[in-house]
Amino acid sequence: MTPYQPVAAPRTRISPANLAIAGALTMILSVAVVFGGSALFGTVLPALIVFTGVAGRVLFVAGVVLVVLAVVRLVEGR
């Protein structure tokens with residue numbers, strides 16, 4: 001019996017357009033988290049506003065990173 005050796009899958013790259021779209025959607029989601037959190041929990045749980053604010057900022061930075069990565073890959077591909 002021969003040992004099983006899986007075949008390495010070919011590496012696929014996410015296209016710059018898909019990265020930019022994902023980044024833009026992430027930034028939109030971050031704004032929704034910040035404003036939605038303050039609207040929903042503004043009077044009931046003030047501590048939750050801080051959490052949604054921080055979560056929104058983290059999502060916004062992640063979106064910016066994705067857009068920058070898309071631009072770098074687009075320039076790199078030329």
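User: Why are H1 and H2 called roughly antiparallel to each other?

Analyst: In this predicted model, helix H1 (residues 16-41) and helix H2 (residues 46-76) pack at an angle of about 170°. Angles over 145 degrees count as roughly antiparallel, so H1 and H2 earn that name. Their axes lie 7 Å apart.

User: What makes up the contact of H1 with H2, by class?

Analyst: That contact has 23 nonpolar residues, along with nine polar and one charged.

User: Which secondary structure does the protein have?

Analyst: Happily, that is quick to tell: two helices and zero strands.

User: What makes the protein more spread out than a compact globule?

Analyst: Set two values side by side. The globule rule gives 12 Å for 78 residues, and the radius of gyration of the protein is 20 Å, well over that, so the protein is more spread out than a compact globule. The C-alpha trace spans about 65 × 45 × 15 Å along its principal axes. Of the 78 residues, 13% are buried.

User: How do you know whether Thr-26 is buried or exposed?

Analyst: Thr-26, which sits in helix H1, has a relative accessible area of 16%. Buried means under 20%, so Thr-26 counts as buried.

User: What is Thr-26 in contact with, leaving aside its neighbours within four places in sequence?

Analyst: Thr-26 is in contact with Leu-59, Ala-62, Gly-63 and Leu-66. Helix H2 covers residues 46-76, so these partners belong to the helix that packs with H1 at an angle of about 170°.

Technical notes: Residues are numbered from 1 along each chain as its sequence is written. This is a predicted model: local features need pLDDT of at least 70, side-chain atom pairs count only at pLDDT 80 or more; totals for chains, interfaces and linings use all residues. Side-chain values use heavy atoms; hydrogens and water are left out. Axes are lines fitted to C-alpha atoms, for helices over the stretch in contact, and angles run from 0 to 180 degrees between N-to-C directions. Helices (H or I, at least four residues) and strands (E, at least two) are DSSP runs, numbered from the N terminus. Angles under 35 degrees count as roughly parallel, over 145 as roughly antiparallel, 65 to 115 as roughly perpendicular and the rest as oblique. Ala, Val, Leu, Ile, Met, Phe, Trp, Tyr, Cys and Pro count as nonpolar, Asp, Glu, Lys and Arg as charged, and the others, Gly among them, as polar. The radius of gyration is taken over C-alpha atoms; the globule rule is 2.2 Å times the number of residues to the power 0.38. Buried means under 20% relative accessible area, exposed over 50%, partly exposed in between (1.4 Å probe, protein chains only). Contact means heavy atoms within 4.5 Å.
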